[in-house]
Amino acid sequence: MATTTHDAFEDKFHHLALRHERAWVFISVVMIAVLFIVTVYFVVHDYGLVAKTVQFYSNPDTPATLADFQGSGIKQTGPNSYNIYEMGRAWSWTPGTATPITLPAGSHVKFYVTSGDVLHGFEVQGTSINITAIPGVVGHVSYTFDKPGTYYIICNEYCGAGHQAMIGKIVITGSKQS
């Protein structure tokens with residue numbers, strides 16, 4: 001008949017091993033958390049994938065009355081740089097839907113985006129531009145259009161019955177200027 005006896009050495013060994021395992025699991029979890037935080041920081045800040053908010057207004061109708069959002073909405077700020085003041089409203093983008101935005105290749109564009117009525121999603125297909133247009137909030141995102149072609153502005157946030165027709169165009173012409 002076999003009997004099991006626990007001796008002091010075996011108890012101390014298992015207690016010490018359990019303590020070491022807990023320490024290494026804790027260290028591993030901390031390292032993964034630090035790696036995740038550093039990765040998110042670099043994606044957000046270094047790659048500019050997150051749009052920045054320029055201004056909040058207490059009255060959601062205020063951005064539509066600002067001078068920048070009046071007229072064509074396209075302002076040249078340098079030799080090959082532009083500010084575009086984009087307004088999403090009841091199934092159209094101004095500028096972009098009625099008249100395409102036409103720019104030369106290599107243009108560096110700063111989009112200032114807001115909405116005049118409900119939430120809209122401002123996405124330029126084929127680029128990393130994706131920002132939510134919110135009434136009373138002006139968001140900001142930058143992009144350089146290196147390749148000529150037609151880029152479609154779509155609304156990727158359901159905004160009502162005419163949502164599927166909310167399409168605009170950005171036409172990039174010629175070759176990249178040096």
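What percentage of the 178 residues of the protein count as buried? In this predicted model, the share is 32%.

**Figure 1. Overall arrangement of secondary structure in the predicted model.** The protein contains two helices and 11 strands. Along the sequence, these elements follow the order α-β-α-β-β-β-β-β-β-β-β-β-β. Among contacts with a separation of 6 or more, 63% join residues that are 24 or more positions apart. The exposed surface amounts to about 11,300 Å², of which carbon and sulfur atoms supply 62%.

**Figure 2. The largest nonpolar core of the protein.** This core comprises 23 residues. Those with the most contacts inside it are Trp-93, Phe-111, Phe-122, Val-124, Phe-145 and Ile-170. At least two core residues are supplied by each of strands E3 (81-89), E5 (101-104), E6 (107-115), E7 (120-124), E8 (130-133), E9 (137-145), E10 (149-155) and E11 (167-173). A second, separate core has six residues, including Ala-64, Phe-69, Tyr-85 and Tyr-112.

**Figure 3. Surroundings of Val-124, one of the residues with the most contacts inside the largest core.** When residues up to four places away in sequence are not counted, Val-124 touches Ile-129, Phe-145, Tyr-151, Tyr-152, Ile-153 and Ile-170. Of these neighbours, Phe-145 and Ile-170 are also listed among the core residues with the most contacts.

**Figure 4. The buried residue His-120 and its contacts.** His-120 is found in strand E7. This histidine counts as buried because its relative accessibility is 0%, and the limit for burial is under 20%. The side chain of His-120 makes a polar contact of 2.8 Å with the side chain of Asp-117. Leaving aside neighbours within four places in sequence, His-120 is in contact with Gly-88, Arg-89, Ala-90, Trp-93, Ser-115, Ile-131, Thr-132, Ala-133, Cys-155, Glu-157, Cys-159 and Met-166. One of these partners, Trp-93, is also among the residues with the most contacts inside the largest nonpolar core.

**Figure 5. A nonpolar surface patch that includes Met-31.** The patch covers about 920 Å² and is made by Trp-24, Phe-26, Ile-27, Val-30, Met-31, Val-34, Val-38, Tyr-41 and Phe-42. Met-31 lies in helix H1, which spans residues 8-46. Met-31 counts as exposed because its relative accessibility is 57%, and exposure requires over 50%. By contrast, His-120 of Figure 4 counts as buried.

Terms used:
Residues are numbered from 1 along each chain as its sequence is written. This is a predicted model: local features need pLDDT of at least 70, side-chain atom pairs count only at pLDDT 80 or more; totals for chains, interfaces and linings use all residues. Side-chain values use heavy atoms; hydrogens and water are left out. A nonpolar core is a set of buried Ala, Val, Leu, Ile, Met, Phe, Trp, Tyr and Cys residues joined through side-chain atoms within 4.5 Å. Buried means under 20% relative accessible area, exposed over 50%, partly exposed in between (1.4 Å probe, protein chains only). Helices (H or I, at least four residues) and strands (E, at least two) are DSSP runs, numbered from the N terminus. Contact means heavy atoms within 4.5 Å. A polar contact is a pair of N or O atoms within 3.5 Å; within protein, one must be able to donate a hydrogen and the other to accept it, and residues adjacent in sequence count only if both atoms are side-chain atoms. Accessible areas come from the Shrake-Rupley method with a 1.4 Å probe; for residues, only the protein chains shown count as cover. Patches are made of residues with over 30% relative accessible area and no salt bridge: like charges are joined within 9 Å, nonpolar side chains (Val, Leu, Ile, Met, Phe, Trp, Tyr) within 5 Å. A salt bridge is a side-chain nitrogen of Lys or Arg within 4 Å of a carboxyl oxygen of Asp or Glu.
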